[in-house]
Amino acid sequence: MELTPNAINQIKLDVAAAMESGAVGLTPAAIPIDLICKNKELILAFLQTLVALLPGVLGKVAGQVVIAAAETWFSRKCVK
């Protein structure tokens, strides 16, 4: 089971809205944003590996949500 493209787009919109609202906890504490952005590809690859290990349908759906949220975070925080 996979999320529809519309569902993934909605997740990305929700994450972007939360980031714009100044939601607390959307930036890892004590880790410089520049360092995270430099390692974006490694971090996304690691998340995709973890997602592949999640069991069951709920794990796969949750994994897609995590990846969509991470991609949105990177697209907002790592803009040069």
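# A four-helix chain, question by question

From the N terminus on, the elements of the chain run α-α-α-α. The model is predicted.

Visitor: How many helices and how many strands are there in the chain?
Guide: Follow the elements from the N terminus and they read α-α-α-α. No strand appears in the count. The tally is four helices and zero strands.

Visitor: What box do the C-alpha atoms of the chain fill?
Guide: The chain has 80 residues. Its box is taken along the principal axes. The C-alpha atoms fill roughly 35 × 25 × 20 Å.

Visitor: What share of the residues in the chain is buried?
Guide: Buried means under 20% relative accessible area. The chain has 80 residues to sort this way. The buried share is 26%.

Visitor: How much area does the chain expose, and what share do carbon and sulfur atoms supply?
Guide: The exposed area of the chain is about 5600 Å². Carbon and sulfur atoms supply part of that area. Their share is 66%.

Visitor: Among contacts between residues at least 6 apart in sequence, what share joins residues at least 24 apart?
Guide: A contact needs heavy atoms within 4.5 Å. Take the contacts in the chain between residues at least 6 apart. The share joining residues at least 24 apart is 71%.

Visitor: How far does helix 4 reach from its first C-alpha to its last?
Guide: Helix 4 covers residues 56-77. It has 22 residues, and 32 Å is expected at 1.5 Å a residue. The reach in the model is close to that, at 32 Å.

Visitor: Which helices do the buried residues of helix 4 pack against?
Guide: Start with the buried residues of helix 4, among them Gly59, Ile67, Trp73 and Phe74. These buried residues pack against three partners. The partners are helix 1 (5-20), helix 2 (33-38) and helix 3.

Visitor: Is Gln64 buried or exposed?
Guide: Gln64 is found in helix 4. Beyond residues up to four places away in sequence, it touches Met1, Glu2 and Leu3. Its relative accessible area is 18%, and the cut-off is under 20%, so Gln64 is buried.

Visitor: Why does Glu71 count as partly exposed?
Guide: Glu71 also sits in helix 4. Leaving out residues up to four places away in sequence, Glu71 touches Lys12 and Leu44. Partly exposed lies between 20% and 50%. Glu71 counts as partly exposed because its relative accessibility is 31%.

Visitor: How far apart in space are Glu71 and Lys40?
Guide: In sequence, Glu71 and Lys40 are 31 residues apart. In space, the distance runs C-alpha to C-alpha. It is 9.2 Å.

Visitor: Which residues make the nonpolar surface patch of about 330 Å²?
Guide: One member is Leu50, found in helix 3 (residues 40-53). Leu50 counts as partly exposed because its relative accessibility is 37%. The patch is made by Phe46, Leu50 and Leu53.

Visitor: Which residues form the disulfide?
Guide: A disulfide is a covalent bond between the sulfur atoms of two cysteines. The structure holds one disulfide. Its sulfur atoms are 1.9 Å apart, and the pair is Cys37 and Cys78.

Visitor: How many residues apart are Cys37 and Cys78?
Guide: Cys37 and Cys78 form a disulfide. The pair links distant parts of the chain, with Cys37 in helix 2 and Cys78 in the segment after helix 4. They are 41 residues apart.

Visitor: Are Cys37 and Cys78 buried or exposed?
Guide: Cys37 has a relative accessible area of 16%. For Cys78 the value is 19%. Both values are under 20%, so Cys37 and Cys78 are buried.

Methods
Residues are numbered from 1 along each chain as its sequence is written. This is a predicted model: local features need pLDDT of at least 70, side-chain atom pairs count only at pLDDT 80 or more; totals for chains, interfaces and linings use all residues. Side-chain values use heavy atoms; hydrogens and water are left out. Helices (H or I, at least four residues) and strands (E, at least two) are DSSP runs, numbered from the N terminus. Buried means under 20% relative accessible area, exposed over 50%, partly exposed in between (1.4 Å probe, protein chains only). Patches are made of residues with over 30% relative accessible area and no salt bridge: like charges are joined within 9 Å, nonpolar side chains (Val, Leu, Ile, Met, Phe, Trp, Tyr) within 5 Å. Accessible areas come from the Shrake-Rupley method with a 1.4 Å probe; for residues, only the protein chains shown count as cover. A salt bridge is a side-chain nitrogen of Lys or Arg within 4 Å of a carboxyl oxygen of Asp or Glu. The expected span of a helix is 1.5 Å times one less than its number of residues. A disulfide is a pair of cysteine sulfur atoms within 2.5 Å.
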